[in-house]
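Please look through the structure shown here with some patience, following the text from one part to the next. The paragraphs begin with a single side chain and its partners before turning to the chain as a whole.

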Amino acid sequence: MDARALLAWLREAAAFSALPLLDSTGYANGLHLHRFSSTGQIEVVQAWHQNHAALARLPNALDLHTALMRSEPESGLVAPLDEVVALLRRTEAGSKRGVGDGL
């Protein structure tokens, strides 16, 4: 699947909101996607190119210190965009079957 189709899935099927990532000159060079999951986490995907993406999951907490202290050690991933989306698809499929979320 190409990057446009992967990003479309994140926006439409997985209900991520999107904002542009701007470089130091103000030009868009990527996309920041985020959503609040049903497990009480904020999931963030940043995609720069089809081969560059990052996924992070943090507890939804007002206190940043609390959020970072409760974060799971395996709460992030840096991989090609298709791998990040594949992980999110597996997680969503597992959630719908009643299996807990997790990376």
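In this predicted model, Arg-35 has a relative accessible area of 11%, and it counts as buried because that value lies under 20%. The side chain of Arg-35 meets that of Glu-43 in a salt bridge, with N and O 2.5 Å apart. Glu-43 is itself buried, with a relative accessible area of 1%.

Glu-43 also forms a salt bridge with Arg-57, where the closest N and O atoms are 2.7 Å apart. This pair links distant parts of the chain, since Glu-43 belongs to strand S3 (residues 41–49) and Arg-57 to strand S4 (residues 52–59), with their positions 14 residues apart in the numbering. Both Glu-43 and Arg-57 are buried, and through shared partners the salt bridges join Arg-35, Glu-43 and Arg-57 into one network. A search of the whole structure finds 2 salt bridges.

Another residue to follow is His-32, which lies in strand S2 (residues 28–36). Is His-32 buried or exposed? With a relative accessible area of 17%, His-32 is buried, because the cut-off for that term is under 20%. Its side chain makes a polar contact with the side chain of Gln-46, at 3.0 Å. Once neighbours within four places in sequence are set aside, the residues in contact with His-32 include Ser-17, Ala-18 and Leu-19, as well as Val-44, Val-45 and Gln-46.

Helix H1 (residues 3–12) offers a view of a helix with two sides, and its buried residues are Ala-3, Leu-6, Trp-9 and Leu-10. Seen down the axis of H1, these buried residues fall within an arc of 125°, so they line one face of the helix. An α-helix has 3.6 residues a turn, so residues three or four places apart point the same way. On the other side of H1, Arg-4 and Glu-12 are exposed.

Taken as a whole, the chain contains 3 helices and 5 strands, which follow one another from the N terminus in the order α-β-β-β-β-α-β-α. Of its 103 residues, 31% are buried, and the chain exposes about 6,600 Å², of which carbon and sulfur atoms supply 56%.

A last point concerns confidence: the pLDDT averages 82 over the chain, and 82% of the residues score at least 70. Over residues 97–103, however, the pLDDT is below 50, although this stretch has 13 contacts in the model beyond near neighbours in sequence. Where pLDDT is low, the predicted coordinates should not be read in detail.

Notes. Residues numbered from 1 in each chain as written. Predicted model: local features only at pLDDT ≥ 70, side-chain atom pairs only at ≥ 80, totals over all residues. Heavy atoms only, no water. Helix = DSSP H or I, 4+ residues; strand = E, 2+ residues; numbered from the N terminus. Buried < 20%, exposed > 50% of the residue type's maximum accessible area, 1.4 Å probe, protein only. Polar contact = N/O pair within 3.5 Å; in protein donor to acceptor, adjacent residues only side chain to side chain. Contact = heavy atoms within 4.5 Å. Areas by Shrake-Rupley, 256 points an atom, 1.4 Å probe, with all protein chains shown as cover. Arc of directions from axis to C-beta. pLDDT = per-residue confidence, 0-100. Salt bridge = Lys/Arg side-chain N within 4 Å of Asp/Glu carboxyl O.
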